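Please follow this walk through the model shown below, with the sequence and the coordinates side by side. The account moves from aromatic rings to strands, turns and a pocket.

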Amino acid sequence: MEAFFGNWKLVSSENFEEYMRAIGLAEEVVQIGNIVTPVLSIYQDGEKLVMKLKTSVFSSEKSFVLGEEFDENFAGQKYRSVINLDDGKLVQTQKWDGKTTIQTRKIQDGKMILTLSYKDTVAVRTYEKMAD
């Protein structure tokens with residue numbers, strides 16, 4: 001789990017615009033999401049793990065215990081999520097309005113690869129670790 005801890009900056013994104021549209025985000029959210037360069041911070045706070053996403057336009061934070069369901073809000077949508085550590089990967093299952101998406105984070109060659117899957121739509125976002 002420690003390999004995920006730190007600050008990560010988005011360096012590349014493939015098919016993210018199509019993914020955001022597929023899950024039904026509003027067009028203004030899609031446009032903003034397509035141009036911002038987020039920094040994702042992951043760290044442990046007691047028993048919980050925390051993920052903070054910061055951009056020049058918005059920020060969000062989720063605090064959770066691995067394997068326990070939690071509620072989250074993002075871009076005006078409420079989700080029910082669970083995140084598990086599976087074979088060295090952080091796998092998040094996010095559900096809302098009868099929809100399910102899977103977000104998988106893995107460390108590969110010193111980078112964090114985020115794969116977002118909804119039905120037949122898959123996006124891949126690559127983050128590089130920032131110096132502390």
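In this predicted model, ring pairs join Tyr-79, Trp-96 and Tyr-118 into a cluster. The structure holds four aromatic pairs, and within the cluster the rings of Trp-96 and Tyr-118 have their centres 6.3 Å apart, with planes at 35 degrees, so this pair counts as tilted, the angle being neither under 30 degrees nor over 60. The two residues come from distant parts of the chain, Trp-96 from strand S7 (residues 89–96) and Tyr-118 from strand S9, and they are 22 residues apart. Both Trp-96 and Tyr-118 are buried.

Another of the aromatic pairs belongs to a helix. The rings of Phe-16 and Tyr-19 have their centres 6.3 Å apart and their planes at 15 degrees, which is under the 30-degree limit, so the pair is stacked. Phe-16 and Tyr-19 are three residues apart in helix H1 (residues 16–22), and are therefore separated by about one helical turn. Both of these residues are buried. Phe-16 has a further partner in Arg-125, which lies over the face of the Phe-16 ring at 3.7 Å from the ring centre. Just ahead of the helix, Asn-15 is placed in the loop between strand S1 (6–14) and H1, where its phi is near 70 degrees, a positive value in a residue other than glycine. Asn-15 counts as partly exposed because its relative accessibility of 33% falls between the 20% and 50% limits.

The strands named so far can now be set in their sheet. Which order do the strands of the open sheet follow? The sheet has 10 strands in the order S4-S3-S2-S1-S10-S9-S8-S7-S6-S5, and the pairing is antiparallel. Its edges are strand S4 (59–64) and strand S5 (70–74), each of which pairs on one side only. From one strand to the next the twist averages 25 degrees.

Three pairings from this order can be followed in turn, beginning with strand S6 (residues 77–86), which runs antiparallel to S7 and is joined to S7 by seven bridges. One of the contacts here is between Asp-86 and its bridge partner in S7, Lys-89. The hairpin of S6 and S7 has two residues between the strands, and in this hairpin Asp-87 takes a positive phi near 55 degrees.

S7 in turn pairs with S8 in the antiparallel sense over seven bridges, and Leu-90 has Arg-105 as its bridge partner in S8. S7 and S8 also form a hairpin with two residues between them. Asp-97 lies in the loop between these strands, and its phi, near 45 degrees, is a positive value in a residue other than glycine. Is Asp-97 buried or exposed? With a relative accessible area of 63%, Asp-97 is over the 50% limit and therefore exposed.

The third pairing joins strand S8 (residues 99–108) to strand S9 (residues 111–118), again antiparallel and again through seven bridges. Within these two strands, Gln-103 stands opposite Leu-116 in S9. Ile-113 also lies in strand S9, and its relative accessible area of 13% is under the 20% limit, so Ile-113 is buried. Ile-113 and Lys-52 are 61 residues apart in sequence, and their C-alpha atoms are 16 Å apart in space.

What remains is the largest pocket, which draws several of these elements together. The largest pocket has a volume of about 600 Å³. Its lining consists of 31 residues, of which Phe-16, Leu-53, Phe-58, Ser-60 and Phe-74 lie nearest the centre. The elements that give two or more residues to this lining are H1, helix H2 (27–35), strand S3 (48–54), S4, S5, S8, S9 and strand S10 (121–129). Both edge strands of the sheet, S4 and S5, are thus among the contributors to the lining. Phe-16, one of the residues nearest the centre of the pocket, is also the residue whose ring stacks with that of Tyr-19 and whose face is covered by Arg-125.

Terms used. Residues numbered from 1 in each chain as written. Predicted model: local features only at pLDDT ≥ 70, side-chain atom pairs only at ≥ 80, totals over all residues. Heavy atoms only, no water. Pairing = 2+ DSSP bridges. Helix = DSSP H or I, 4+ residues; strand = E, 2+ residues; numbered from the N terminus. Axes fitted to C-alpha atoms, helices over the stretch in contact; angles between N-to-C directions. Phe/Tyr/Trp six-rings, centres within 6.5 Å; stacked < 30°, edge-to-face > 60°. Buried < 20%, exposed > 50% of the residue type's maximum accessible area, 1.4 Å probe, protein only. Lys NZ or Arg CZ within 6 Å of the ring centre and 35° of its normal. 1 Å grid on protein atoms, 1.4 Å probe; cavity = no way out; pocket = protein on both sides within 12 Å on 5 of 7 lines; lining within 4 Å. Points joined across faces, edges and corners; volume = space filled by probe spheres on them.
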